[in-house]
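Please open the model in your viewer and keep the selection panel at hand, since this tour goes from one selection to the next and says what is to be found at each stop.

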Amino acid sequence: MKNKIIIFSLSILSIISCKKKEENQQMGPKEVPVVEVQEKNVTGYLSFPTSIQGRVNNDVRAKIQGYITQVLVDEGQYVTKGQPLFRLETNMLNESADAARAGIGAAQSGVSAAKANVNAAKASVNAAQVEVNKLIPLVQKNIISSVQLETAKANLARAQAQLSQAIAAQQQASANVSQASANYKGVQENINYSIIRAPISGVVGRLPLKVGSLVGPTDQVPLTTVSDTSEVFAYFSMNEKEYLDFLEDSVGATVPEKLRNMPMVDLELANGSKYPEKGRIEAVTGQIDSQTGTIQFRVSFPNATKLLSNGNSGTIKLPKQYDQALVVPESSTYEQQGLVYVYKVEKDTAQNVLIRVTDRVNNMVVVKSGVAKGDKIVAQGVEALKPGTAVKSKPVSFDEIVNAIKPIF
């Protein structure tokens with residue numbers, strides 16, 4: 001029994017000794033990959049959601065009321081200025097045009113009759129004037145009495161009055177012709193308005209109304225929209241702080257000068273792909289919207305391939321250049337309570353250091369303060385470390401660490 005107890009005790013002591021040896025081995029310095037803080041010229045991007053519109057967007061509306069009899073185009077079709085898009089029924093208009101045309105004929109007949117009356121009245125005036133002229137010397141020589149002359153003068157006055165009336169009637173008849181012609185022209189214009197044409201060259205939008213729909217000039221919903229998308233405008237907004245930072249960082253004395261000096265911007269499409277053409281910031285609204293606290297920018301993009309259409313969305317990528325900026329790998333940082341830290345290696349010990357972040361670019365963190373160029377920091381695996389951990393440095397390539405970082409979706 002004593003021998004068994006001795007053997008058991010020796011076994012326990014052996015196990016304890018092995019565990020102590022393992023613990024002593026584990027307590028040795030932890031090997032960690034280490035890189036040096038570097039200075040690099042990097043380009044970051046400020047991202048802003050954007051909505052895209054055609055250079056010109058014209059709502060198409062009916063100028064007269066009527067039923068759609070034909071829809072001559074399809075959604076997404078390219079049309080040229082003046083091309084027919086819709087036809088409205090014109091039966092009533094055609095009847096009105098016939099009536100107006102008949103009115104012109106009647107008025108012109110009235111003009112002819114009035115001209116004949118004027119000519120007859122002129123002849124009567126001339127005859128009465130001849131009679132008066134003949135009687136005047138006879139009265140002066142007392143050959144006839146003055147009563148005959150006065151009668152002739154009265155006849156002349158009556159003829160002149162009839163001539164004035166005939167002339168007035170002729171003028172009224174001419175006015176009637178003008179009015180009838182205007183009526184006909186108005187009806188004809190309405191007939192022309194029954195063919196609704198494209199106001200500009202561009203792409204036809206949605207067609208919410210079909211054949212048989214009653215439309216008119218007061219409708220809230222347009223028949224369609226024609227958009228000129230040979231060039232598109234992308235609109236995005238900055239808040240007040242971003243706008244003030246933009247003004248401070250941009251080169252130039254005035255806002256227009258700053259805009260001219262701005263670099264070209266990129267457009268990221270809704271599917272994450274990059275639009276092949278670059279855009280230029282052309283304009284900014286003159287004041288901050290009091291309701292949203294933002295100010296709006298407009299960027300123009302060429303669109304020769306018609307890849308972009310009215311209503312597209314995306315993200316504007318505004319480049320921001322950092323010259324000789326302090327950078328560390330993204331994988332060397334960790335966050336705690338909203339603060340960002342790295343592990344700095346000094347005397348084979350890893351100590352956490354608070355850093356201030358300016359930007360994050362291409363798997364690198366642009367550092368404002370907290371570390372200096374040449375400082376050695378842990379490149380990876382920082383989540384397994386604690387402040388004061390003894391480490392054994394394993395130098396690794398900065399670029400290899402950065403390029404090895406894969407995005408997590």
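Begin by selecting V34 together with V378, for in this predicted model V378 of β18 is the bridge partner of V34. Extending the selection to the whole of β1 (residues 30-36) and β18 (residues 376-378) shows two strands that pair in the antiparallel sense over 3 bridges. Now add β19 (residues 389-395), which pairs with β1 in the parallel sense over 5 bridges; here K30 stands opposite V391 of β19. Strands of a sheet pair through backbone hydrogen bonds, either parallel or antiparallel.

Before going further, colour the whole protein chain by secondary structure, which comes to 6 helices and 19 strands. Of its 409 residues, 32% count as buried. Among the contacts between residues at least 6 apart in sequence, 75% join residues that are at least 24 apart.

Next, select β3 (residues 66-71) and β5 (residues 84-88), which run antiparallel and are joined by 3 bridges. Within this pair, I68 has L88 of β5 as its bridge partner. With β6 and β8 added to the selection, you have an open sheet of 4 strands in the order β6-β5-β3-β8, with antiparallel pairing. Because β6 and β8 (214-215) stand at the edges and have a single partner strand each, one side of each is left without a neighbour in the sheet.

Keep β6 (195-197) selected, since the strand also leads to the second largest pocket, where β6 gives the most to the lining, with 3 residues. At least two lining residues are also supplied by each of β2 and α3 (146-193). To display the lining of this pocket, select D59, V60, R61, A62, K63, N192, Y193, I195, I196, R197, A198 and P199. By class, this lining has 7 nonpolar, 1 polar and 4 charged residues, and the volume of the pocket is about 240 Å³.

Which residues lie nearest the centre of the largest pocket? Select L46, D245, F246, D249 and K320, which hold that position among the 22 residues of the lining. The elements that give two or more residues to the lining of the largest pocket are β2 (38-60), α4 (240-249), α5 (255-261), β13 (313-329) and β16 (349-361). Coloured by class, the residues of this lining divide into 10 nonpolar, 5 polar and 7 charged, and the space in the largest pocket comes to about 560 Å³.

From the pockets, turn to the interior and select M238, I281, F297 and F301, the residues with the most contacts inside the largest nonpolar core, which has 24 residues. Two or more residues of this core come from each of β2, β9 (224-239), α4, β10 (266-269), β11 (280-284), β12 (294-302) and β13.

Now centre the view on F301 and, leaving aside its neighbours within four places in sequence, show the residues in contact with F301, among them E231, V232, A234, V265, D266 and L267. The contacts of F301 also include Y275, E277, K278, G279 and I316.

For the last stop, select V340, V361, V371 and I377, which are among the 23 residues of another core, lying apart from the largest nonpolar core. Showing β18 (residues 376-378) once more brings the tour back to the strand that holds V378, the bridge partner of V34.

How values were computed. Residues numbered from 1 in each chain as written. Predicted model: local features only at pLDDT ≥ 70, side-chain atom pairs only at ≥ 80, totals over all residues. Heavy atoms only, no water. 1 Å grid on protein atoms, 1.4 Å probe; cavity = no way out; pocket = protein on both sides within 12 Å on 5 of 7 lines; lining within 4 Å. Points joined across faces, edges and corners; volume = space filled by probe spheres on them. Nonpolar A, V, L, I, M, F, W, Y, C, P; charged D, E, K, R; others polar. Core = buried A, V, L, I, M, F, W, Y, C linked by side-chain atoms within 4.5 Å. Buried < 20%, exposed > 50% of the residue type's maximum accessible area, 1.4 Å probe, protein only. Contact = heavy atoms within 4.5 Å. Pairing = 2+ DSSP bridges.
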